[in-house]
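Reader: I would like a close look at a single residue and its surroundings in this structure, followed outward to the rest of the fold. Please take it step by step and keep the wording careful.

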Amino acid sequence: MPTPPSRSWIPLVAVFWVTSMVEGLGVSQVFALLPSQLTAIGVPDADRLSFIGLFTSLLFVLGMPLVPLWGVWADKYSRKAIIVRSAIVEAVVFIGMALAVEPWQVAVSILLIGFQLGNTGVMLAGIRDVTPRARLGTVIAIFGASGPVGFAAGPTLAGILIDGLGWSVSGVFAVSAALSVGTALLVLFGTREVRPEIVPEGRAITLAFGAVRGVLSDRAVRGIFLIFGTAFLANQMARPYLPVVVEGIVGRGPGLASGIALVAGTAALAGALLSPIAGALGDRIGFRPVLVGALLGGAIAIGLMPIAPNFGGLPLLALVAVAFAACTSAVSAMVFGLLATDVPAARRSQTLNLVYLPLYAAGILGPVVGSQVVQLGLPAPFFVGAAVFLIGALIVLRRYSRPAPEAVGG
């Protein structure tokens, strides 16, 4: 039986918010501390930049083929089990990062992150089924802030533990592993099972890939996925190298973790706070104009990242990173706005479960491309990423050059 909306949505949203925040916290530490960890285990500087890109691409390799299946398994059997599975795998990943002493061990740990993905859509589905309709938009917006807050908290916590308390990188990952175990127990014992209104019947693989075919047969969805994937591709080319830019300013000794926290953490938090402003602007002037502006702004910001330290040091780099985070948050907000207006209601749920497909594909391709172009110099991935953002803006302008069918917010 479906779970009717009631006051039980409040603790459910709170538990899911904490769970998503802890996941973002740990994954952000993988991004932020990977260069330092590779140095600590003896990877030569000549190889380190390529390793950073290639290792980052492993994050989505196992996750991408499983994206269509997690939602089906959750609806057929248990949403709670799928979410708990994710938290347990997180703990295993972070324990692996804490214990790694060889590059291949780091690579295997990052590769396992693919098995922890796929829980966000399941949590959103559960929230949607129990939250009163009048509060759904606000509740989803609150839940949506959990990931960016985690991405802000992760480097900040690492900076406190490493620079403030003298901990090692391994100790930071051990704390994240413990937090992940805590969220697994919190979901297991602190929430009830929320069943979907319609439980799918049939073989899981048939249902999953039938959903993929159905969603991708929609021209509007293909266009939105292309834009979303393009923006994320540009981001993933350059993102792994932002800690290296910080390293070039503050050095590899004390203060590096705090410097990364200032740049990456502040940017992630600012992105979370500025996203609602982009949504309101989209409601006022239309999603497509804001999307084009965000893509153009992202191109400028990402292109400035490797050269900003030459003019203003760490503060200017942090400011540019905040601008970039605001633009990428606006891109995401506008993409979800377009999904809400351009995709037929009957297909929106499937699209929500599969919206991360283009992100995972770009998450594999982007770091691989970055690992190659970075051999031309550290600024190269940022400049290529800027070009890809510009291409995304041109795609939007060309695809939506004709008037949109909806009157407002489209």
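Author: In this predicted model, threonine 183 has its place in helix H9, which runs over residues 169-190. Threonine 183 counts as buried because its relative accessibility is 3%, and buried means under 20%. Its side chain reaches back to its own helix, where the backbone oxygen of serine 180 lies at 2.7 Å.

Beyond the neighbours within four places in sequence, threonine 183 is in contact with Val18, Thr19, Val22 and Ala87. The sequence distance involved can be put in numbers for one residue, methionine 21, which stands 162 residues from threonine 183 in sequence, while the two C-alpha atoms are 9.9 Å apart in space. For the protein as a whole, 85% of the contacts with a separation of 6 or more join residues 24 or more positions apart.

From here the view can be widened to the empty space inside the model. The count of cavities of 30 Å³ or more comes to three, and the largest cavity holds about 60 Å³ of space. Its lining is made up of Phe16, Arg79, Lys80, Ile83, Gly126, Val187, Thr191, Arg192, Glu193 and Val194. Helix H4, residues 79-99, gives the most to that lining, with three residues.

The nonpolar cores come next. The largest nonpolar core has 94 residues, and those with the most contacts inside it are Ile110 and Leu295. Helix H15, covering residues 309-342, gives the most to this core, with 13 residues. Apart from it lies another core, of 26 residues, which includes Leu12, Phe16, Val84 and Val130; Phe16 is also one of the residues lining the largest cavity. As for isoleucine 110, when residues up to four places away in sequence are not counted, it touches Val30, Leu34, Phe55, Leu58, Leu59 and Met97. In soluble globular proteins, nonpolar side chains tend to be buried together.

Taken as a whole, the protein has 18 helices and zero strands, and buried residues make up 55% of its 410 residues, threonine 183 being one of the buried residues. The accessible surface of the protein comes to about 16,900 Å², and carbon and sulfur atoms account for 71% of that area.

Definitions and conventions:
Residues numbered from 1 in each chain as written. Predicted model: local features only at pLDDT ≥ 70, side-chain atom pairs only at ≥ 80, totals over all residues. Heavy atoms only, no water. Core = buried A, V, L, I, M, F, W, Y, C linked by side-chain atoms within 4.5 Å. Buried < 20%, exposed > 50% of the residue type's maximum accessible area, 1.4 Å probe, protein only. Helix = DSSP H or I, 4+ residues; strand = E, 2+ residues; numbered from the N terminus. Contact = heavy atoms within 4.5 Å. Areas by Shrake-Rupley, 256 points an atom, 1.4 Å probe, with all protein chains shown as cover. Polar contact = N/O pair within 3.5 Å; in protein donor to acceptor, adjacent residues only side chain to side chain. 1 Å grid on protein atoms, 1.4 Å probe; cavity = no way out; pocket = protein on both sides within 12 Å on 5 of 7 lines; lining within 4 Å. Points joined across faces, edges and corners; volume = space filled by probe spheres on them.
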